[in-house]
Each structure stands twice: as structure tokens, then as C-alpha cells.
Amino acid sequence: MDFIDLRSDTVTQPTPAMREAMASAAVGDDVFGEDPTINRLQEMAAALMGKEAGLFVASGTMGNLAAILAHCGRGDEVILGDKAHTFLFEAGGISALGGIHSHQVPNQADGSLALEDIRAAIRSDDPHYPATRLVALENTHNRCGGVYQTPAYTHAVGDLARQRGIILHLDGARIFNAAAAQGLPAKDLAEPVDSVTFCLSKGLCAPVGSVLCGSKDFISRALRIRKQLGGGMRQAGVLAAAGIVALETMVPRLGEDHARARRLAEGLSDIPGIVMDMGLPQSNMVFCALSEEVPWDASQVVSALARHGVRVGAVSERRFRLVTHYWIKDSDIEAAIQAFASILKGEPIAN
Ligand code: TLP
């Protein structure tokens with residue numbers, strides 16, 4: 001059965017153009033720096049982010065980990081949001097592998113970290129404390145509903161970080177969605193940060209990979225760390241080739257996913273039993289919840305939806321996340337809304 005898969009934009013499959021580019025990619029040993037396709041992708045990525053250099057890595061998780069390990073030493077502290085992907089969903093890698101302490105401050109509903117919270121979290125120079133080394137932001141912010149951060153906000157955090165001698169890293173897994181939502185080039189969102197990682201394998205549809213960007217000096221440190229992490233991938237130009245097609249063809253169309261997410265949210269909000277308590281989507285993610293009177297929990301509804309050929313994620317007992325992407329058509333959106341409506345109207349739910 002062909003599912004309408006709204007669980008994540010990570011489920012996207014490569015396009016025919018990507019598969020063709022992969023089959024004909026020129027490759028070399030990237031650990032020797034000799035893969036021409038990877039080198040080209042890294043240069044393109046650095047230019048798009050307005051940074052000196054880029055490094056192709058296996059995943060968004062590896063990009064954040066290599067960045068934070070390259071910036072911080074053991075016992076250093078990273079300030080990040082309590083809903084940050086790096087804090088919640090990266091298996092504690094920065095502490096497990098880097099001995100790096102995390103200092104969580106509350107993410108505001110708009111995905112930001114309040115400047116006064118960042119200021120208060122910065123440690124004074126006292127041997128009792130870990131040394132504050134880095135602040136990490138996320139744009140778009142996944143668990144805050146796919147909301148975007150503006151250039152003005154990112155600059156304000158950058159100014160604060162610089163005044164206090166702290167590094168600023170951006171988890172820009174979906175920075176192109178954040179840019180599309182604001183009608184800006186992505187480099188406007190990356191300008192104030194020292195390092196940024198973005199994913200090729202989410203809304204951009206490539207099968208594998210992320211690119212970490214920053215100064216030449218930073219990238220040469222991250223390169224050694226990527227090697228330590230086992231991420232030196234040899235003839236991975238076959239993967240980078242899909243990434244190049246992704247940057248060339250997928251970035252300009254992300255607004256279509258955002259429009260479909262909005263239509264999905266509007267359709268779902270008309271269904272009794274569904275509440276859009278995080279508001280309408282700003283990018284390609286729709287979060288919604290079951291209202292109190294609904295007798296089922298989200299996982300039961302997810303199973304019932306699967307019988308309609310619709311896959312969505314249950315992110316808590318009563319909350320769902322639905323993510324639009326290249327492989328989701330207008331008719332899929334309508335079918336997903338219909339499936340929710342018929343289940344919430346009282347269609348029998350099997351456990
Ligand atoms: N996010 C995935 C899951 O891990 C939750 C998803 O389905 O959204 N930063 C952000 C903001 C992310 O959303 C993700 C993946 C990552 C980093 C990690 O990327 P990968 O999965 O490539 O390691």
C-alpha cells in the first residue's frame with residue numbers, strides 16, 4: 001500500500017533527477033579531499049550560508065555534534081533550549097562523547113531563547129562553574145511547531161554572544177524552510193552565527209547528508225572530529241550529487257510545502273475534537289492535539305489513520321505532528337483531513 005506519509009520530511013525519497021545525478025557522479029576518496037562532487041557541494045553550501053567553508057557530514061546529528069565538539073572542550077558548557085533537538089533527540093552525544101555540559105533555558109513559544117535567560121545562564125569566571133562556551137539556536141524550531149527565527153533575533157543573540165566572548169551555533173536543519181517562510185536568502189539567517197548545519201535529507205529530499213559551515217579554521221577542526229566519529233566516507237560523491245540537485249531544485253519550491261501545511265491545518269481545525277493549540281503553521285510542520293472530550297489517545301488515532309493509508313506522528317499522549325514535503329500532493333492533504341474527520345466522527349477504533 002502506498003501511504004500518505006506525514007510523519008516527517010525525513011521520509012522523503014530522492015527524485016529521479018537525484019538518482020540520475022547519483023549514478024553519474026564523479027567520485028574520489030573524500031578522506032584525501034579528492035571527491036570532486038563533495039568538494040563542489042561543500043563550496044555551494046558555504047556560499048549559500050555566507051561562510052568560508054563547508055563539510056559534508058552523514059546527518060544533522062553528526063553536524064551538530066561535530067560542530068559542538070569542535071567549539072568546546074570537556075567540562076565546557078553549552079546554553080541551549082529545553083526543546084532543542086540537540087538536547088532532546090541526539091542521544092546526549094555532546095555529553096556522552098564530548099564531556100560537554102548542557103545548560104537548558106526555556107524555549108519560548110516562538111522557538112526563541114529569551115535574551116535575559118541567555119544572559120542569566122552565562123557563568124561568571126569562578127572555578128565552581130563550568131565555562132560557558134557556546135549558545136545554540138534552532139531555525140526552524142522543530143518542537144516549537146516549525147516556527148522560524150528572524151534575522152533581527154539571531155543578530156541580537158549574536159551580539160550578546162560576541163560581547164560575552166561566547167560562540168553561536170545554529171542547528172539550521174531546516175534553515176531553507178525558515179528562509180522561504182520569510183522570503184529571505186538563508187545567509188541572512190546564518191550571518192550572525194559562527195557555525196551552522198543544515199540538512200539535505202529533509203525537505204530538500206536528498207537521501208543522506210547535512211553540511212556544516214563556518215570559518216576555514218573551524219571546518220578544519222570539525223574535519224578531524226568527523227574522522228574521529230567515523231564519518232570519513234570515501235566515495236560519498238554519489239550522495240553529495242543528490243545534495244547538489246537538492247540545493248539547485250528543492251530550495252525554491254519549499255513554499256509549496258508551507259502552503260500545503262497551512263491548508264492541512266485549516267482543514268484539521270474545522271474538525272470537532274482537534275485543537276490547533278500551537279497556532280497555524282509557519283513552515284512545513286503542523287502540530288495539533290485531541291481535545292479533552294475525545295475518548296482516545298493519539299497512538300490509537302495514529303493506528304486508525306494508518307488503516308486509511310495516512311501516517312502521522314504522535315509526539316505525546318494527545319498531540320500529533322504532521323510534516324509536509326515534496327511527495328505530498330494537494331489530494332493527499334484532503335485525504336488526510338478526511339481520514340481524521342471520519343475517525344473523530346466516531347468510526348470504530350480498534351486497539
Ligand atoms: N529531526 C527528526 C527527528 O529526529 C525528530 C524529525 O523527524 O524531525 N536538528 C533538527 C531541528 C531536526 O529536526 C533533526 C531531525 C536533526 C537536527 C537531526 O537530523 P538527522 O536525523 O539527520 O540526524
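Here is a short chat about how some labels on this predicted model are earned.

Author: Residues count from 1 along each chain as its sequence is written, and side-chain values use heavy atoms, leaving out hydrogens and water. As the model is predicted, local features need pLDDT of at least 70 and side-chain atom pairs 80 or more, while totals for chains, interfaces and linings use all residues.

Reader: Why is Phe89 called partly exposed?

Author: Buried means under 20% relative accessible area and exposed over 50%, with partly exposed in between (1.4 Å probe, protein chains only). Phe89 has 41%, so partly exposed is the label.

Reader: What makes the span of helix H2 close to the expected one?

Author: Helices are DSSP runs of H or I, at least four residues, numbered from the N terminus. The expected span is 1.5 Å times one less than the number of residues. H2, residues 36-49, has 14 residues and reaches 20 Å from its first C-alpha to its last, against 20 Å expected. Its buried residues include Ile38, Leu41 and Ala45.

Reader: How do you know that Asp35 caps the N-terminal end of H2?

Author: A polar contact is a pair of N or O atoms within 3.5 Å; within protein, one must be able to donate a hydrogen and the other to accept it, and residues adjacent in sequence count only if both atoms are side-chain atoms. A side-chain oxygen of Asp35 lies 3.0 Å from the backbone nitrogen of Thr37, so the distance fits.

Reader: And what makes Asp171 a polar contact of the ligand?

Author: A polar side-chain atom of Asp171 is 2.7 Å from a ligand nitrogen, therefore within the cut-off. Lys202 has a side-chain N or O atom 2.9 Å from a ligand oxygen.

Definitions and conventions
Helices (H or I, at least four residues) and strands (E, at least two) are DSSP runs, numbered from the N terminus.
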